[in-house]
Structures are given as C-alpha cells and as structure tokens.
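Q: Could you take me on a close look at a single part of this model, the surroundings of the annotated binding site? I work at the bench, so please spell out the terms as you go.

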Amino acid sequence: THFGFETVPETEKAERVYKVFKNVAQKYDTMNDVMSLGIHRLWKDMLLHVMHPQPGAQLLDVAGGTGDISFRFLEYVHSQQERQKRRMARSVQTPSSQDISNNYSTEHEDTPQESRAVVCDINKEMLNVGRKRADSMGISAGLSWVVGNAEELPFDDDQFDIYTIAFGIRNVTHIDQALQEALRVLKPGGRFMCLEFSKVTNPVLARMYDTYSFQMIPVLGEVIAGDWKSYQYLVESIRKFPEQEEFKHMIEDAGFYCVKYHNFTGGVVALHSGFKL
Ligand code: SAM
C-alpha cells in the first residue's frame, strides 16, 4: 500500500495534494483533533502568542484551509482591542503621568484601520468548510476567503503586515516560489510566520513519534475518514520536509531578515519567522 509520492512528478504532486484535501475537507477538523490528541490547538495558540498582533494588523493566512489561524488572529486582536479600551477608560478616570503620555502618543494617530484576515487556499472545499464554520461561530466579520495558489498569490505587492502558513508549506510544489510570493505581498516591516512539522530532536521521542505517525495515522485515517491513502500522504510529506536549520536557510535565501525558529513539543512542530525589510 505504498503511495509512492516520493517519485511522482511535480505536476502530479499538485494534483494529488488537491485530491487529498478535497477528500479530507469534511473531516479535516475532527481528524486534526484526533490525530494530534488536540495538541494542534496549542501549537496554533503558540503561533498567536509569538505573533502578538495589534489592532489594525492585516493578516494573510496562506494554505489557510478551514480558517483556524485566522479565527485565532481575529479573536486575539479583539481581546487586545478590549484591553486597550479598558486601559483608556481607566486613564480617563484617573490620569497618571504615564497614561497622559500614552494618550498623547495616540491622539495624533488616525482612527486605526480594522484588522482583517484573508484566508487563502488552493482548495475551495476546505474554504467552504471554513466559511460555514465561521458563520456558525458568528465570526465572519473581518474575514475573507480567497481561492489562490501560494506559488502565485492573487494579491498586489506590499499589502499585509503578517503572512502565515500553517501546516501548508510542505504541500507546496515549489517552496522557493511560495517564499518569494510571501515576501512580495508583505509590507516592508511585515512578518512571515510558518508553522510546520519538523525534525524531532530527542531520539526517544523521535522513535515514538515515527512509530505513531507511520503506523497509527493511516489507520486512524481509514477508520475515521475511510481514507488510508490521504493520511499516508500526509505522513510521507512530513518525513520529506527539510529540517529546522535547512528551512531557516531557505527563508533567508528568499530575502527575509532576522529569521529564527522555535521548536514546539520537542521539534514535532517548528515555528519559523522572518521579516521583510
Ligand atoms: N492552515 C490550516 C490549518 O492549520 O489547519 C490548514 C492546513 S492543511 C494541512 C493544508 C492546506 O494547504 C490545505 O487546505 C491545502 O488545500 C492547502 N494547500 C496545498 N497546496 C497549496 C498551495 N499550493 N497553495 C495554497 N494552498 C495550498
């Protein structure tokens, strides 16, 4: 039952990736929870914690799928907004010297732009599931859903403050092109952030993780989604993706600055980030 993705030509890879996510779209969110034992939620929360976006920030979430990153982004920004409002209200009641200086610095700014998140994905089935989810959660304001390829983004230059790609870049055929596109659409000063499965550093954990992913994930895929092959592809694509340091160099080669990474869960996942200057 070897899927043989290692040997498929480039054009076929894109087609197969499309089919995989078309097949898994309806079950995608459930499978994420089951396969990662819910831990993908923590990794995504960590991404937001490191990003720490401020009200007004414009996000492009590439390979955004069913919207997990964008939902968290809007939620985070709104909580920041509420916090700022409370702080303002307090400082009006009891102005301290520090509050006055803070007020002074914001007085001259224009009304801040509303934060927006654009979820971009090559697969409309994934986006449709996400859009329905957003509607049912009542969080559609500030969100847009755009079909597009990471290698050729349908956006003008210098548009976004933050570019995210979570568990998406390993599916892209030409990673260097996707990085070039990220650089192009970010504003100067904007930040690239990529969450992806990576190299487990601890050898004991690595062995457990290998066993789990190669033996359990396709089985879970078969049992829950009736789809062994799609989940086998997912595991193989993780195995083939470059390690932390190598990927860091690729991001630097694309022209990003201050590139660094954090390992989560012993390197099961790494968060790479860099800035456009
Ligand atoms: N970011 C979401 C998350 O973290 O839950 C979804 C990740 S899902 C594992 C990978 C997504 O990448 C799929 O929705 C797939 O359609 C999308 N994708 C694959 N190749 C792509 C490409 N070339 N351009 C844009 N999206 C792509």
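A: Happy to; here is a walk around that site, with a short look at its surroundings.

First, two notes on reading the model. Residues are numbered from 1 along each chain as its sequence is written. The model is predicted, so local features need pLDDT of at least 70, side-chain atom pairs count only at pLDDT 80 or more, and totals for chains, interfaces and linings use all residues.

An unreviewed UniProt entry lists Thr66, Asp121, Asn149 and Ala150 under "binding site". Positions from UniProt follow the numbering used here, feature names are shortened, and annotations may be inferred rather than shown by experiment.

Let's start with Asp121, which belongs to strand 2 (residues 116–121). Strands (E, at least two residues) and helices (H or I, at least four) are DSSP runs, numbered from the N terminus. Asp121 counts as buried because 24 other C-beta atoms lie within 10 Å. The cut-offs are 20 or more such atoms for buried, 12 or fewer for exposed, and partly exposed in between, with C-beta atoms placed from the backbone. Leaving aside neighbours within four places in sequence, Asp121 is in contact with Ala63, Gly64, Gly65, Met126, Leu127 and Val147; contact means that the C-beta atoms, placed from the backbone, lie within 7 Å.

One of those partners, Ala63, deserves a second glance. Ala63 sits in the loop between strand 1 (58–62) and helix 4 (68–93), and its phi is near 55°, a positive value in a residue other than glycine. Ala63 is buried because it has 27 C-beta neighbours inside 10 Å.

Asn149, also on the UniProt list, is placed in the loop between strand 3 (143–147) and strand 4 (160–166). Asn149 is partly exposed, because 19 other C-beta atoms lie within 10 Å.

Now for the nonpolar core. The largest one has 64 residues, and Leu59, Leu60, Tyr163, Phe192 and Met193 have the most contacts inside it. Such a core is a set of buried Ala, Val, Leu, Ile, Met, Phe, Trp, Tyr and Cys residues joined through C-beta atoms within 7 Å. Not counting residues up to four places away in sequence, Leu60 touches Val118, Cys120, Phe155, Phe160, Tyr163 and Val185.

To pull the site together: Asp121 is buried and touches Ala63, whereas Asn149 is partly exposed.

Key:
Two residues are in contact if their C-beta atoms, placed from the backbone, lie within 7 Å.
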